[in-house]
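Colleague: Please take a close look at one part for me, the sheet and what packs around it. Keep it brisk.

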2 protein chains.
Amino acid sequence: MQSRYFTLTDYPEGVPSREIFKLESQELPDLAHGEVRIKNRWLSVDPYMRGRMSGVRTYVPPFELGQPMDGGAIGEVIESNDEKLKVGDRVSHMGGWRDVAQVSGESVFKLPDHDVPEQAYLGVLGMPGMTAWTGLNQIAECRAGDNVLVSAASGAVGSLVVQLAKAKGCHVVGIAGSAHKLAWLESIGVEPVTYKERTAKELGDAIALASPEGIDVYFENVGGTCLEAALDHLNEGARIAVCGMITSYNERQEGVGPGNLFQIVARRARMQGFIVADHWSNYGYFLNDVAPQVAKGTFDYQETVEEGLERTPDAFLALFEGGNTGKMLVKLND
Amino acid sequence: MQSRYFTLTDYPEGVPSREIFKLESQELPDLAHGEVRIKNRWLSVDPYMRGRMSGVRTYVPPFELGQPMDGGAIGEVIESNDEKLKVGDRVSHMGGWRDVAQVSGESVFKLPDHDVPEQAYLGVLGMPGMTAWTGLNQIAECRAGDNVLVSAASGAVGSLVVQLAKAKGCHVVGIAGSAHKLAWLESIGVEPVTYKERTAKELGDAIALASPEGIDVYFENVGGTCLEAALDHLNEGARIAVCGMITSYNERQEGVGPGNLFQIVARRARMQGFIVADHWSNYGYFLNDVAPQVAKGTFDYQETVEEGLERTPDAFLALFEGGNTGKMLVKLND
């Protein structure tokens, strides 16, 4: 059986060009003991993958040039040499960026029986959901009544952070760009604030207006102007959970950070970076807490779907151009 | 009785000029009930006072123009209407920047009987010592064996941080400027690193050489290049206690922050600002822990002393020119 997969031909500087992604194929070897073969139905593309497109080891190993790329995926077992998995099982695994994956059964998570669409395990019930839940609850120690600010608030992670915070009884302000993202935020009871064509000072003024009692919790996905604006409006004892700083991922040279970091002292604030993989032992608690709410329809989680394996790089690149509302997915054709 | 005191004639921009400090005098009124009159022997000048020289409220109220300035001081009670204090008592209080203070007895701390010089209660056993102890232990949660980096490592606070960390059994790197500061650091077993004429990258390389196992705890007094260099060499789970960012205190416009703040995520690091006043309820624990060590001579604490009330502004301004090793004090003549 053939597997078609993407490789990287080069490590990009700045925004990656479409040309460095190459679609290749190979004949899969026979299944080894403990392995399973999975026909993928959904692939995940995520901002953190940009960090893997350089030869430098950061917190995840880099993609190797000329080797199959990988990432989150949902598929169906079509052949199994692992006694715990059988043909027809729906699974979540890391053999993405390809149509057919052959991986160790140990590395595969069999989807539980919650009444949710299977691709939810790549989004609201997968890495983005777990990231939102961990950052808000474990890192920022968000409590009922907190004033919460979220950047990239309509993104895969941010859109869940704002809803989890609302469900806790917080006042929530969301920063986003385009009109339809802002409208969506408003529709779910979040105060929408645009960053477009605003200096840090102007963005800060808008945040102050939307959150007159200041900011107790800031969930940071963006960095740059958003961070600078947020720092000016922190309450004493504020907690900043730093999930990402997407503005800096594609910069060729080091950018310049906020000039008002001293607010960390003045406001006795705490800023803490986290990587969801470190907290994966809590995944069961997260599913128990959030999956029933998703099944009930409590969360308005958004998806942007590209169709066809060939479009995977385009879906990935769109992440850096604001091309997605909520989780960006690739749906594979039968 | 006359009291001579300094007032501010203007809120400075940038580095304050000597001219805005005006020496004035007034006849003190009779002592009210509960008040004490104190002849000061030692005055404290500290970097945080720069933050009080603007009309903006930060974490301490601003100095009022034309009104007596204040700050830490050590003196002797010469008249008392407070039954808990008697003439001859040696006290620590906040009626500094003057020769004779008249304050509420409630606001005065009677010096305990440890066998230490009285001015130690403005330095190693006062606000700087308490700041060092709180930042290292409570905020950065420093443990034996940690690799510790300290900026402004020969300053009033930094010089105590490095020694407290050494006493805990840590590997300690200290950043300082001049040759005699670096020599002092080396003499107490701290790896000295100069920031002079170095870019953030060059300073980072020097830190990596001095601390080949990376940085677990960074005690931050400086900001700017030092922070940027430190961020590049954090270990996973590193803790940054942010005590101050003196590089930004005199800037007319907002500076630019570090361009590599993303390391907070990559290293799962925590950066936390603190203000020692919030932790003053621990002052007794601190004295119990540190005062006996000071009496035994365990700590090599440095002082730089200016003589005479008239020199108080000069002593203060020298703080921003690297003019002090350890605690900057003003000794008043009899």
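Modeller: The sheet comes first, then its helices, then a few loop residues.

This is a predicted model: local features need pLDDT of at least 70, side-chain atom pairs count only at pLDDT 80 or more, and totals for chains, interfaces and linings use all residues. Residues are numbered from 1 along each chain as its sequence is written, while chains are lettered from A and ligands numbered from 1 in the order in which they are written.

Helices (H or I, at least four residues) and strands (E, at least two) are DSSP runs, numbered from the N terminus. The open sheet has 12 strands, with mixed pairing. Their order is E10(A)-E9(A)-E8(A)-E11(A)-E12(A)-E13(A)-E13(B)-E12(B)-E11(B)-E8(B)-E9(B)-E10(B). Two strands pair if DSSP finds at least two bridges between them. At the edges sit E10 (191–194) of chain A and E10 (191–194) of chain B, each pairing on one side only. Direction ignored, neighbouring strands are turned by 15 degrees against each other on average.

Look at one pair. E8 (residues 147–150) of chain B and E11 (residues 215–220) of chain B run parallel, joined by 3 bridges. Val150(B) stands opposite Phe219(B) in E11(B).

Now the helices on the sheet. In chain A, H1 (residues 127–139) packs on it, touching E11 (215–220), E12 (234–242) and E13 (270–273). The direction of H1(A) makes about 145 degrees with that of E12(A). In chain B, H4 (residues 200–210) packs on the sheet, touching E8, E9 (171–176) and E10. Its direction makes about 170 degrees with that of E10(B). Axes are lines fitted to C-alpha atoms, for helices over the stretch in contact, and angles run from 0 to 180 degrees between N-to-C directions. Two residues are in contact if their C-beta atoms, placed from the backbone, lie within 7 Å.

H3 (residues 179–187) of chain B is next. Lys181(B), Leu182(B), Trp184(B) and Leu185(B) are buried. Buried means 20 or more other C-beta atoms within 10 Å of a residue's own; exposed means 12 or fewer; partly exposed lies in between; C-beta atoms are placed from the backbone. Seen down the axis of H3(B), the buried residues fall within an arc of 160 degrees, so they line one face of the helix. The arc is that of the directions from the helix axis to the C-beta atoms. The buried residues of H3(B) pack against H2 (158–167), E9 and E10 of chain B. The face turned away from the buried side carries exposed residues: Ala179(B), His180(B), Ala183(B), Glu186(B) and Ser187(B). Just after H3(B), Gly189(B) takes a positive phi of about 90 degrees.

Finally, the loops of chain A. Glu197(A) lies between E10 and H4 (200–210) of chain A. Glu197(A) has a positive phi of about 55 degrees, although it is not a glycine. It is exposed, with 8 other C-beta atoms within 10 Å. Trp97(A) also has a positive phi, near 60 degrees. Its loop runs between E5 (90–93) and E6 (100–104) of chain A. Trp97(A) is buried, with 30 other C-beta atoms within 10 Å. Asp300(A) is found in the loop between H7 (283–296) and E14 (303–307) of chain A. Asp300(A) is partly exposed, with 13 other C-beta atoms within 10 Å. Leaving aside its neighbours within four places in sequence, Asp300(A) is in contact with Gln163(A) and Ile188(A).
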